[in-house]
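Trainee: I should like to learn how to read a structure of this kind, one feature at a time. May we begin with the surroundings of a ligand?

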Amino acid sequence: MYLVTAQEMRDLDRYTIEHIGIPGVVLMERAGLAVAQAITEHFAQPGQAVVLSGHGNNGGDGFVVARHLSVAGWRTTVWLVGSAERMTADTQTFYEACRHLGIDVKTFGPEQADELRRWLETSDVVVDALLGTGIRGPVRPAMESVIRLVNDHARGRVVAVDVPSGVETDTGRVASVAIKADQTVTFAYAKWCHYLRPGAEHCGEVVVADIGIPPSVTASRRPAARVNHPQWWREYLKPRSRWAHKGTHGHLLVVGGSRGMLGAVAMAGTAALRAGAGLVTIAVPEGQHDPLAAKVTEALVWAWPDDGQGRFAPGSAERIGERLNRLTAVAVGPGLGRFTGEREWLTELLQQTDRPMVLDADALNVLADHPDILDHRKGDLILTPHPGEMARLAGTDTVRVENERYRVAKEWAERHDVTVVLKGTYTIIAFPDGTQMLNPTGSPAMAKAGSGDLLTGIIGALLAQKIPPSAAVPMGVYVHGLAGEFAVTSVEHSVIASDILLQVGPAIRRLLSDRVRT
Ligand SMILES: NC(=O)C1=CN([C@@H]2O[C@H](COP(=O)(O)OP(=O)(O)OC[C@H]3O[C@@H](n4cnc5c(N)ncnc54)[C@H](O)[C@@H]3O)[C@@H](O)[C@H]2O)[C@@H](O)CC1
Ligand SMILES: Nc1ncnc2c1ncn2[C@@H]1O[C@H](COP(=O)(O)OP(=O)(O)O)[C@@H](O)[C@H]1O
Ligand SMILES: [K+]
C-alpha cells in the first residue's frame, strides 16, 4: 500500500475523475458508504447519530454517511458548520439528497452551542466530516468551538472521515485543536498523519476503505512513500533450498563489542544467524576475544588489535583486508564505543570493502562528527539511527527529529546517497532515491536496550545473502517488528531482547507461510 500526501491524493483523485472517467460524486458516494458501513458493523442495532459536516468535500462525505445511516434506521441529524453557498458541487448534491429525504440538517452558529452539546451527549455516534485533506492553517473559530464541544462532550463513538479534523495531513501536526476519534475511516491510501504524532494519536483505529480508485492510477502518479509490506519484497523471501550449505547463505562480519559492551555484538551476531546468515564472524578488540567466545557459540570470533583499554587500537581495521573476499556484508557499531583514532579507523573500514555495510550505534556518532568519512565508501551504506543518533547526524535536536521524522531521514538519505532507517514507533526507511517506507510492525515491548542490536544483525544477514538493500532493509525492519510483536507473551513490560531474538524464526515462518498462501 502507498502512503500519500494531501497533494498526491488530490492528484490521484483528479486522475481518476478526469482520465479514467469515474465521476467525483461516485468516489464521494463510495467514501461515505464505507464510513456508514464501518459504523453499522460496529453496532448491533441502529441508534442516534450526529454528523458534523464542513462545506468542503469532506463535509460532502458526511452528507452521504448521514443518508446511509438514516436509511439504515438511525435517528440522524446533520450540523453544517460552514456556509451552504460555499459548498463544492458534489457536496451540494448530497446536501440536497439529505434534504429531499427529510433528514434534519441544521446550520451551526455560536448560539446553538448548547443544543449541539446536548446532541453530542445523547448520541451513540458522532461523525466528524468537518475538515479533511483540504485543511489550511489553524482551525478557524467556528469549527474550533465545535471540535472542542465534541472532544469535551461526545459520549458515543467518534468516527472521523478521512482524517480527524484539525490534523494536518502531511505532517500530523495539530495547529490549534483536533478531533479525538475512536476510529478514522480513510480512503484508498493511508495518509502520513495516520502514523505521525500528534495526529496519529487522534485517529483511533485507522481503516483504509476502497472507494473504487483503480490501483493502476499509481503507475502514472506514483506516490513517493509506501507502507512497508511483504508485497514490496516477497520475491526475495524464499524457503531454503535442499542443496543449501553455509557458504550459499552469506558471511556477515559484525564489528564492535568494546569492554563492557559485548552483549551488543553477541545479540547482533546471533540475530544474524537466526535471520539466515550462513556464517557470522564477530570482530572485537583482542582483550574481548575470550569473554565473547565464551558467550556466543555459533559465531566465529576474530580479535583485532586492542588499545589496551578494551577498545580497538588505531589501525586495527586494516585487519579486514585479510578475509575480505569471504565476507558478503559488514555491520559496524554495536557496542563499539568511542576511541582515539576512530575517524581514521572507520575510514579504513569503508575504504577496504565494497560489500554492503550497516552502520549503527557509535559508528553513527563517529559519522556525525566526521561526515567526510562517507566520501571513502565504496559500497551501499545503511544507517540505523534512533532519534538521538539521527539528531546528531543531522546537526539538530531530538525534538525536531521527532516532529519531522518524515523529512529529516529523507533529506539525509538523499544528500548522502545512503539508506537511513530512522527507528522508533513506525520506523521510517528513507532510500537514497528520495522514496520512503513506513513500517507498521513493532511493539512498545521493543523500547528496551538491545532491540536495536537485533535489527542491525537481521538487516546485515539479509544483505549478506545478497538481497539488494531496497528489499533487505524493509524486510529486516518488518521481520524485526513482527518478532517484537510475537515476543509479547505476557506483558510488554517484561520482554527482553533475547525474547525477541527467539521470535525471529517464527516471524520468518509467518511470512513464508503467507507467501505460500498468496
Ligand atoms: N474527489 C475527491 O477529491 C474526493 C474527496 N474526498 C473527500 O474530500 C476531502 C477533501 O476535500 P476538500 O479538498 O474539499 O477539502 P476539505 O473538505 O478537507 O476542506 C476544505 C474546506 O475547508 C475549509 N477550510 C480549510 N482550512 C480550514 C481551517 N483551517 N479552518 C476552517 N475551515 C477550513 C475551506 O474553506 C474549504 O472549504 C477528503 O478529505 C475526503 O474526505 C472523498 O469524497 C473522495 C473523493
Ligand atoms: N514503541 C515502539 N514500537 C515499535 N518499535 C519500537 C518501539 N520502541 C522501540 N522500538 C524499536 O526497537 C528498536 C530500538 O532500537 P534502539 O533505540 O537502537 O535501542 P538499542 O540500541 O538500545 O537496542 C528499534 O528498532 C525501534 O524501532
Ligand atoms: K474529518
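Trainee: Which of the 30 residues around ligand 1 come nearest?

Mentor: Please keep in mind that this is a predicted model. Among the 30 residues around ligand 1, those that come nearest are Gly56, Asn57, Asn58, Gly132 and Gly134. Two elements each give two or more residues to this shell, namely α2 (24-42) and α3 (57-71). The element that gives the most is α3, with 5 residues.

Trainee: How many residues of each class does the shell around ligand 1 have?

Mentor: One sorts the residues of a shell by class. Around ligand 1 there are 11 nonpolar, 13 polar and 6 charged residues.

Trainee: Which residues come nearest to ligand 2?

Mentor: The shell of ligand 2 holds 16 residues, of which His386, Gly442, Met446, Ala447 and Gly452 come nearest. Sorted by class, this shell has 5 nonpolar, 9 polar and 2 charged residues. Glycine is counted as polar in this scheme.

Trainee: Let us turn to strands. Why is strand β7 described as largely enclosed by the rest of the structure?

Mentor: A residue is called buried if 20 or more other C-beta atoms lie within 10 Å of its own. Strand β7 covers residues 183-187, and 4 of its 5 residues are buried, so the strand is largely enclosed by the rest of the structure.

Trainee: Which strands pair with β7, and in what sense?

Mentor: Strand β6 (residues 157-161) runs parallel to β7 and is joined to it by 3 bridges. Strand β9 (residues 205-209) also pairs with β7 in the parallel sense, over 5 bridges. One can follow individual partners: Val161 has Val185 of β7 as its bridge partner, while Thr184 stands opposite Val206 in β9. As a general idea, the side chains of a regular strand alternate between the two faces of the sheet.

Trainee: Which residues of helix α11 are buried?

Mentor: In helix α11 (residues 342-352), the buried residues are Glu342, Trp345, Leu346, Glu348, Leu349 and Leu350. To read such a helix, one then asks what its buried residues pack against. Here they pack against β14 (329-332) and α12 (362-369).

Trainee: How many helices and strands are there in the protein chain?

Mentor: The protein chain has 19 helices and 19 strands. Of its 518 residues, 51% are buried. Its C-alpha trace spans about 85 × 45 × 45 Å along the principal axes. Finally, consider contacts between residues at least 6 apart in sequence: 73% of these join residues at least 24 apart.

Key: Residues numbered from 1 in each chain as written. Chains lettered and ligands numbered in written order. Predicted model: local features only at pLDDT ≥ 70, side-chain atom pairs only at ≥ 80, totals over all residues. Buried ≥ 20, exposed ≤ 12 C-beta atoms within 10 Å, placed from the backbone. Helix = DSSP H or I, 4+ residues; strand = E, 2+ residues; numbered from the N terminus. Pairing = 2+ DSSP bridges. Near = placed C-beta within 6 Å. Contact = placed C-beta atoms within 7 Å.
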